[in-house]
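Dear colleague,

I am handing over the structure below, and after it you will find some notes on what was found. Please read them with the model open beside you.

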Amino acid sequence: MPADLHLPADGRGPGIVLFQEIFGVTDYIHARAGDLAGLGYVVLVPHVYWRQGDPVISGDDALPRAMDALGKVDWDTAVADGLATLATLRERAEVTGPTGVLGFCFGGGLAFAVAAADDPDFLVSYYGSALPNLLDSAADVRAPSLHHFGLGDAYIPAETVQRIQRAVTAGPAAATVFTYDDAGHAFDNPLPDFHHAEAARQAWDNTVTWLSRIAPAT
């Protein structure tokens, strides 16, 4: 499985496995990996679509093609790939300190499933699209977690966000849930169809602050 390694300036730091959206490992995902590396984290980005040719999906018809690609993913195999990525990152000499998982959309749900199956040091999930179907495993997530949701999300409506919040905060580890008024699904993605600038800024600031407390890079 291809995976991209992003190193901080000094070459060492805590580890983060960054899981992609449904569009593949896009420039946006690379940019966020670079942002995390700039904060001092060693970031490994697995190419979850590698078994179907590793597409990077863009263009006017990107959403239906991305949904088609997502439909070809075997969930259990993707989780196994995520667990292998986490194990690989832990073993790298550049990683010092805690190692956790972070994901956007499809990747947010995948990060949650990996956290339930393994024991990373932390979990960050942006609008994890699979979370409504994964809540039976919330008690298996022993890592502190941070979750972001837009209250204008057509895919994860506000009542579902409330259900997710109840489940994750009832788990064995501390869970923090932030919500953002009027923000839709994938609000951090810079594409005009998705982006909500203020929600993206607030969520990233919240993520940076939370990581600096849970897994400080310096």
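How many bridges join β6 to strand β7? Six bridges do so, and β6 and β7 (residues 175–180) run parallel; strands here are DSSP runs of E with at least two residues, helices are DSSP runs of H or I with at least four residues, and both are numbered from the N terminus. This is a predicted model, in which local features need pLDDT of at least 70 and side-chain atom pairs count only at pLDDT 80 or more, while totals for chains, interfaces and linings use all residues. Residues are numbered from 1 along each chain as its sequence is written, and side-chain values use heavy atoms, with hydrogens and water left out.

Within the pairing of β6 and β7, the bridge partner of histidine 147 is valine 177 in β7. Strand β5 (residues 123–126) also pairs with β6 in the parallel sense, over four bridges, where two strands count as paired if DSSP finds at least two bridges between them; here valine 124 has leucine 146 of β6 as its bridge partner.

In a regular strand the side chains alternate between the two faces of the sheet. In β6, Ser145, His147 and Phe149 on one side and Leu146, His148 and Gly150 on the other are all buried, buried meaning under 20% relative accessible area, exposed over 50% and partly exposed in between, with a 1.4 Å probe and protein chains only. Because six of the six residues of β6 (residues 145–150) are buried, this strand is largely enclosed by the rest of the structure.

Best wishes
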